[in-house]
Structures are given as C-alpha cells and as structure tokens.
2 protein chains.
Amino acid sequence: MRELGPRAREIVATAREVLESEGPRALTMRRIADELGIRAPSLYKHVPHKTALETAIVVDGFQEAAQRFEAAVDGAADPLGAFVDAYRAFAAAHPHVYRLMTQRPLPRDDMPPGLEARTAAPLLRAVGSPQRARAAWAFVHGMTVLELDARLPDDGVTEDAWREGIAAFRPPPPAAGRPEEH
Amino acid sequence: MRELGPRAREIVATAREVLESEGPRALTMRRIADELGIRAPSLYKHVPHKTALETAIVVDGFQEAAQRFEAAVDGAADPLGAFVDAYRAFAAAHPHVYRLMTQRPLPRDDMPPGLEARTAAPLLRAVGSPQRARAAWAFVHGMTVLELDARLPDDGVTEDAWREGIAAFRPPPPAAGRPEEH
DNA sequence: CGCGTTCGGCTAACGGTGTTAGCCGATGGT
DNA sequence: ACCATCGGCTAACACCGTTAGCCGAACGCG
C-alpha cells in the first residue's frame with residue numbers, strides 16, 4: 001500500500017466527516033469532491049480507488065480505538081469493565097466508522113503491521129487467556145452491533161445482559177483471601 | 001406489505017440462489033432477470049423494489065432458521081449446545097443470507113408478526129432468562145460474524161473460545177443432588 | 001361472438017455510481 | 001529558458017436501480 005500524501009490525508013479526513021455525519025450512502029466520490037471544492041475524477045490523482053479511502057478510514061479508526069482501549073484499561077481496578085465502557089463509547093461516538101471497521105473482512109494487507117494486535121491487546125490483558133479474550137470480544141461486538149441496529153428492545157434487560165456477559169468473562173480473582181465485592 | 005404472487009416467489013427463489021452462490025455484489029436486478037430469461041424492468045411487475053426482494057429473502061431465512069433452531073433444541077440433553085451447533089450450521093450453510101439477515105436493521109414492518117420472537121424462542125428456553133438469552137445471542141452472533149469475516153485466526157483457540165462462551169452462558173443445573181459430567 | 005381489462009412481457013431512457021482517458025495551466029528544478 | 005511533474009479539469013464508459021409507455025395474449029362476460 002502506497003503511503004498517502006498530505007492532500008490524500010485531507011481527502012480521507014473529509015471522507016470520514018461525510019461518513020460520520022451522513023452515513024455510508026452519502027460517502028460518494030462526487031460528494032467528497034464537492035466538499036473539497038473539486039471534481040470527482042481529481043480524487044484519483046491522490047487515491048487509487050474508493051476502497052483505499054475506506055481502508056484509510058478503517059485504519060484511522062483502529063488507531064483511535066487502540067488508544068482509547070489502552071487508556072481505559074491502564075491501571076483500572078476492573079479492566080474488563082473499563083474496556084467494555086471504552087468500547088461501547090467508541091462505537092456510540094462513531095457508529096458508521098465502527099460498522100466499516102467490522103462489517104467486512106479486514107484489509108490486512110493495507111494496514112500497518114501490528115495495529116490489529118495492538119487493538120486487541122487491552123482486552124487480552126483484561127481477561128487473561130486468549131480463548132476468553134476471543135469469546136469476550138465476540139460478546140462485546142455482538143452486543144454492540146445488535147444495539148446499533150436496534151435489534152434489542154430498548155428496555156433495562158439489555159443493560160442486564162451487558163452485566164451478565166461481563167460477569168461471565170471476568171477473570172477469576174487472583175487467588176488469595178478476600179473475595180471481591182459485586 | 002403486499003402478499004407476493006407465485007411469480008414473485010419464483011423471483012425471490014432465484015434471487016436467493018444468485019445471492020448464495022455469488023454473493024451480494026452479484027445480486028442485481030438485471031442478473032436476476034437474466035437468470036429467469038427476462039428483462040430487468042419486468043421484475044417490477046411483481047416486486048415493488050429491490051429492497052422488498054431482499055426482505056423476502058430475509059424472511060425466508062428467518063423461517064428456515066426458526067425451524068432448525070426448534071428442531072435442534074427440542075428434547076436435547078444440552079439445549080444451549082444444540083442451539084449453538086444449529087446456529088453455526090445455518091450461518092455456515094448460508095453465509096450471505098445470514099449477513100443479509102443481521103447486517104442491517106430488521107425490516108420489521110414487512111415481516112410476519114411473531115417470526116422474530118419465534119426465532120428467538122429456542123435460545124430463550126435453552127438459557128432460561130431473557131438477559132442471559134440476549135447475552136448469549138450476542139456472543140453467538142459475534143463469534144459467527146467474526147468467523148465469517150475471517151477475523152479470528154483459524155487455530156484451535158477459536159474452538160476453545162466457543163466452548164468457553166457456551167459454558168459461560170449455560171444455565172446452572174436444576175438444583176438437586178448429582179452433578180453433571182463435563 | 002366480440003369486447004374490454006388485466007397481466008406480464010418489452011424497449012427506451014433517466015439519474016446516480018465508480019472509474020478512465022486525455023487535456024491543460026501552474027510550479028519548480030536544471 | 002526549457003521541460004517535467006503536479007493537480008486540477010471535461011467527456012465519457014459501463015453498470016446500477018427504477019420509471020414510462022407500448023403491446024400481445026389470455027380471460028371474464030354481456
């Protein structure tokens with residue numbers, strides 16, 4: 001993947017703004033060009049195709065998410081709970097970007113190496129084992145998309161489901177004497 | 001939602017075949033018409049728009065899924081395990097239909113009333129409580145889409161994650177004396 | 001029988017999409 | 001002073017969903 005020039009970064013930034021404020025159907029080459037006071041074909045002087053634009057948005061999204069997750073888990077008394085809060089907050093703040101990041105196979109070849117692992121690391125540390133991390137990730141992602149798509153009734157039960165799932169995947173206390181409060 | 005005539009049912013059936021065999025990008029009005037030896041505009045004599053076609057595929061998918069889930073759970077020794085097996089089998093057999101069923105808000109207004117609840121019922125029975133059902137559904141759906149999109153490494157750990165999640169959401173044994181084997 | 005309606009095809013066309021080809025003025029290096 | 005590169009531009013293509021309007025065949029019915 002070619003490195004993006006400064007004009008390309010501008011294009012990606014306005015593309016992300018369009019996506020976040022008006023959703024994926026509005027994310028059109030002509031629309032992006034309009035926003036920049038430019039014609040659509042000129043975009044191709046900076047970006048090879050629309051997919052590369054979407055990939056760049058996804059990469060930015062992962063970078064931002066990774067930062068938030070690391071900051072949330074760092075030194076938290078309840079790392080899993082903190083991670084889940086940060087995860088939900090990210091998805092709620094950038095639902096269209098979140099969907100773009102998750103609703104298709106990852107463009108791994110066009111992503112900085114290590115970024116995927118970096119994003120996954122805080123959860124891994126929060127729950128202990130890799131298989132538990134994958135299960136917990138699946139739960140959190142599942143809840144998130146079901147909520148984004150309004151598949152779950154908006155009653156208190158959904159919040160209970162969050163609690164139930166978090167409790168199910170929280171690592172057991174480190175061994176010794178005092179039990180944890182709940 | 002208008003009831004679909006017999007020709008419309010044929011159209012939906014070939015649309016589903018195209019979707020299942022070649023994916024959503026191939027699901028084109030012209031492509032469907034071709035398959036039927038017909039021109040694209042003629043489809044609109046039977047179906048109001050493409051979205052209605054997709055909705056019909058989704059409804060068929062839910063009906064088939066509901067049947068499979070009911071059959072799987074019915075009288076099973078481990079209802080949750082049986083449900084998960086049936087769920088994964090359905091998604092693996094019809095990945096594109098599964099995505100269509102889950103990757104967008106449900107077209108509830110154009111679905112037979114009760115179908116959504118019927119599809120959800122087997123899992124609800126299998127785990128006991130509604131909040132546990134939602135959490136378990138999120139986990140199963142999350143694992144499924146992550147696997148469909150090849151987001152999880154294809155090692156044994158993912159299978160462990162399935163086991164871990166299932167164990168986490170299995171209802172406690174009914175009370176009395178003898179412990180279950182594992 | 002004849003008539004009118006409805007049905008289910010058709011062609012032509014519109015506006016929108018991503019994308020390519022090719023032109024051209026400005027900028028900047030040698 | 002020249003030439004190349006950069007970053008715009010217009011025109012156009014193929015494909016998409018969809019609409020308008022035509023037309024032959026089939027059918028109900030007086």
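## Contacts and outline of chain A

In chain A of this predicted model, 66% of the contacts between residues at least 6 apart in sequence join residues at least 24 apart. Of the 182 residues of chain A, 45% count as buried.

Chain A has 8 helices and 0 strands. Its pattern, read along the sequence, is α-α-α-α-α-α-α-α. Taken along the principal axes, the C-alpha atoms of chain A fill a box of roughly 65 × 35 × 25 Å.

## The annotated region of chain A

An unreviewed UniProt entry lists residues 28-47 of chain A as "DNA-binding region". Over residues 28-47, chain A is 35% helix and 0% strand. The C-alpha atoms at the two ends of this stretch are 14 Å apart.

Helix H2 of chain A covers residues 29-35, and A:Ala33 has its place there. Is A:Ala33 buried or exposed? A:Ala33 has a relative accessible area of 0%. It counts as buried because that value is under 20%. Leaving aside neighbours within four places in sequence, A:Ala33 is in contact with A:Ile38, A:Arg39, A:Ala40 and A:Leu43. One of these, A:Leu43, is 10 residues from A:Ala33 in sequence, and the two C-alpha atoms are 6.9 Å apart in space.

## A residue in helix H8 of chain A

A:Ala168 is found in helix H8 of chain A, which spans residues 156-169. Its relative accessibility is 23%. A:Ala168 therefore counts as partly exposed, as the class lies between 20% and 50%.

Which residues does A:Ala168 touch, leaving aside its neighbours within four places in sequence? They are A:Arg132, B:Ala168 and B:Phe169. A:Arg132 lies 36 residues from A:Ala168 along the chain, and their C-alpha atoms are separated by 9.9 Å.

## A kinked helix in chain B

Helix H7 of chain B runs over residues 115-127 and has a kink of about 35° at B:Ala121. The proline B:Pro122 comes shortly after the kink. H7(B) is followed by B:Gly128, which has a positive phi, near 100°.

The buried residues in H7(B) are B:Leu115, B:Thr119, B:Pro122, B:Leu123, B:Ala126 and B:Val127. An α-helix has 3.6 residues a turn, so residues three or four places apart point the same way. The cover over the buried residues of H7(B) includes four helices of chain B: H4 (50-73), H5 (79-93), H8 (130-148) and H9 (156-169).

## Around DNA strand C

DNA strand C is surrounded by 16 residues. The closest of them are A:Tyr44, B:Arg7, B:Ile38, B:Arg39 and B:Lys45. By class, the surface near DNA strand C divides into 6 nonpolar, 4 polar and 6 charged residues. Sugar or phosphate supplies 48% of the atoms of DNA strand C within 4 Å of the protein, and bases supply the rest.

Some polar contacts reach the bases of DNA strand C. An N or O atom in the side chain of A:Arg30 is 2.8 Å from a base nitrogen, and a polar side-chain atom of B:Lys45 lies 2.3 Å from a base oxygen. At the phosphate, a polar side-chain atom of B:Arg7 lies 2.3 Å from an oxygen of DNA strand C. The elements giving two or more residues to this surface are H2 of chain A and helix H3 (40-43) of chain B.

## Around DNA strand D

Which of the 15 residues around DNA strand D come nearest? They are A:Arg7, A:Ile38, A:Arg39, A:Lys45 and B:Arg30. Of the atoms of DNA strand D that come within 4 Å of the protein, 52% belong to sugar and phosphate. The surface near DNA strand D has 6 nonpolar, 4 polar and 5 charged residues.

Phosphate oxygens of DNA strand D take part in two of the polar contacts described here. One lies 2.6 Å from a polar backbone atom of A:Arg39. An N or O atom in the side chain of B:Tyr44 is 2.8 Å from a phosphate oxygen. B:Arg30 instead meets a base: a polar side-chain atom of B:Arg30 lies 2.7 Å from a base nitrogen of DNA strand D.

Terms used. Residues numbered from 1 in each chain as written. Chains lettered and ligands numbered in written order. Predicted model: local features only at pLDDT ≥ 70, side-chain atom pairs only at ≥ 80, totals over all residues. Heavy atoms only, no water. Bend = angle between axes of the 7 residues up to and from the residue. Buried < 20%, exposed > 50% of the residue type's maximum accessible area, 1.4 Å probe, protein only. Contact = heavy atoms within 4.5 Å. UniProt positions renumbered as here; feature names shortened; annotations may be inferred. Near = heavy atom within 4 Å. Polar contact = N/O pair within 3.5 Å; in protein donor to acceptor, adjacent residues only side chain to side chain. Nonpolar A, V, L, I, M, F, W, Y, C, P; charged D, E, K, R; others polar.
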